[in-house]
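Thanks, everyone. Please have the viewer open, and we'll go straight through.

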Amino acid sequence: MNISSSKQLSNGISIPRLGLGVYKVPDDQVYDTVSNALDLGYRHIDTASFYGNEEGVGKAVRNSGIPREDIFVTSKVWNDDHGYEKALKAFEQSMEKLGFDYLDLFLIHWPVPEVFPDTWKALEETNKSEHVRAIGVSNFLDHHLEELSKTASEMPVIDQIELHPKLLQTSTVAYCREHNIAVESWSPLGRAKYLDDPLLVKMAIKYNKSVAQLIIRWHLENDFIVIPKSTNASRQKENADVFDFEIATEDMNFMNKMNEDFRVGSHPNTIKRF
Ligand code: NDP
């Protein structure tokens with residue numbers, strides 16, 4: 001595995017296993033943040049209309065000198081753009097901001113109750129065109145996926161969920177594995193809220209790595225796609241320097257039992273209809 005290693009999704013397209021998340025990176029900073037990451041070898045950027053930085057992301061990708069087809073870009077439809085027509089319009093707006101001919105992955109950001117099946121129809125429609133290579137969801141728990149399966153013509157290729165050692169989401173991950181839906185971890189570092197955990201610190205020292213590197217490697221070894229965010233050049237480099245070690249089975253087993261249901265973001269069941 002290396003920084004450009006990818007995972008094949010159920011529709012045959014490949015996604016780099018490591019990407020850069022850009023949530024909370026202001027539009028005027030995102031250009032430098034993404035440009036630096038691309039210089040370091042990152043080839044996968046995760047944005048969303050909600051982040052308000054699609055223009056800067058698009059510009060950094062377009063000005064990078066790297067062929068567009070070598071960079072994987074994800075965007076998402078926001079909660080107040082649910083519904084068939086609104087989601088199609090939101091897609092057009094995202095594309096205009098990004099300045100791309102096509103998007104690699106388009107996701108429903110949150111499972112807004114009652115309306116997400118219609119929104120999914122819009123995503124299926126975009127996926128029939130040459131403008132979207134893959135469609136998926138975010139923050140869908142197993143019961144949301146099960147509900148979606150009743151009306152969907154095709155199932156999502158990815159579910160992007162909050163996932164890190166203290167939030168293991170085992171039933172949703174099991175559902176995804178059973179149904180060939182790739183799992184992508186957001187806030188993969190638990191938003192840096194427990195990088196000082198003594199047990200993780202002790203384990204990281206053993207591998208001569210930082211806790212952030214240990215956790216990113218844990219995602220990769222669990223076959224999760226991982227999108228840590230950093231605006232800091234040296235931390236971006238650190239987060240990509242995870243391909244020269246392996247976590248021993250007993251340490252993987254230990255980390256796979258650290259769950260505390262500790263969330264840094266919202267619980268998907270609390271999302272309300274606008
Ligand atoms: P992360 O778990 O990636 O943590 C980001 C925080 O960790 C930042 O404060 C960053 O600070 C810090 N950090 C990064 N690397 C290191 C390091 N090596 N050592 C110490 N601190 C570090 O949280 P995010 O919430 O940003 O999640 C990542 C991405 O997931 C988002 O950017 C977004 O793309 C996606 N996401 C998706 C959601 C969804 O609903 N689908 C919801 C939330 C996020 P600094 O920048 O200063 O380095």
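Before the first residue, one convention: helices (H or I, at least four residues) and strands (E, at least two) are DSSP runs, numbered from the N terminus. On that numbering, Glu246 sits in the loop between H9 and helix H10 (249-255).

Now the ground rules. This is a predicted model, where local features need pLDDT of at least 70, side-chain atom pairs count only at pLDDT 80 or more, and totals for chains, interfaces and linings use all residues. Residues are numbered from 1 along each chain as its sequence is written, and side-chain values use heavy atoms, with hydrogens and water left out.

Stay with Glu246. Is it buried or exposed? Exposed, because its relative accessibility is 61%. The cut-offs are these: buried is under 20% relative accessible area, exposed is over 50%, and partly exposed is in between, with a 1.4 Å probe and protein chains only. Glu246 touches Tyr207, Arg217 and Glu221, leaving out residues up to four places away in sequence. Contact here means heavy atoms within 4.5 Å. Glu246 and Leu214 are 32 residues apart along the chain, and their C-alpha atoms are separated by 9.2 Å.

Leu214 takes us to the core. A nonpolar core is a set of buried Ala, Val, Leu, Ile, Met, Phe, Trp, Tyr and Cys residues joined through side-chain atoms within 4.5 Å. The largest one holds 70 residues. Which members touch the most others? Val22, Val34, Val57, Leu214 and Met255. Helix H8 (residues 211-221) gives the largest share of this core, seven residues. Apart from it lies another core, of eleven residues, including Ile13, Phe72, Ala182 and Ile225.

Take Val57 from that list. Outside its neighbours within four places in sequence, Val57 contacts Val22, Val30, Val34, Ile45, Thr47, Val73 and Leu98. Val57 is also one of the buried residues of helix H2 (residues 54-62). The others there are Glu54, Gly56, Gly58, Ala60 and Val61. What covers them? The cover includes helix H1 (27-40), strand S4 (44-46), strand S5 (72-77) and helix H3 (84-98).

Next, a buried lysine. Lys7 lies in strand S1 (residues 6-8). Lys7 counts as buried because its relative accessibility is 16%. What does its side chain meet? The side chain of Asp223, in a polar contact at 2.9 Å. A polar contact is a pair of N or O atoms within 3.5 Å; within protein, one must be able to donate a hydrogen and the other to accept it, and residues adjacent in sequence count only if both atoms are side-chain atoms. Setting aside residues up to four places away in sequence, Lys7 touches Ile13, Ser14, Ile15, Arg17, Ala182, Asp223 and Ile225.

Compare another lysine. Lys121 is in helix H4 (residues 116-128). It counts as partly exposed, because its relative accessibility is 28%. Beyond residues up to four places away in sequence, Lys121 touches Tyr84, Thr151, Ala152 and Ser153.

On to backbone angles. Most residues other than glycine have a negative phi. Asn139 has a positive one, near 65 degrees. Asn139 lies in the loop between strand S7 (132-138) and helix H5 (142-149). It is buried, at 2% relative accessible area. Ala192 also has a positive phi, near 65 degrees. Its loop runs between strand S9 (182-186) and helix H7 (198-206). Ala192 is partly exposed, at 48%.

Asn139 has a partner to look at. His109 is in contact with Asn139. Its other contacts, leaving aside neighbours within four places in sequence, include Phe50, Lys76, Trp78 and Ser138. His109 is buried, with a relative accessible area of 6%.

Last, the pocket. On a 1 Å grid over the protein atoms alone, a pocket is an open set of points where a 1.4 Å probe fits, with protein on both sides within 12 Å along at least five of seven lines; lining residues have an atom within 4 Å of a point. The largest pocket is lined by 34 residues. Which lie nearest its centre? Tyr23, Trp186, Ser187, Arg191 and Lys229. H9 supplies the largest share of the lining, three residues.

That's the tour. Over to you.
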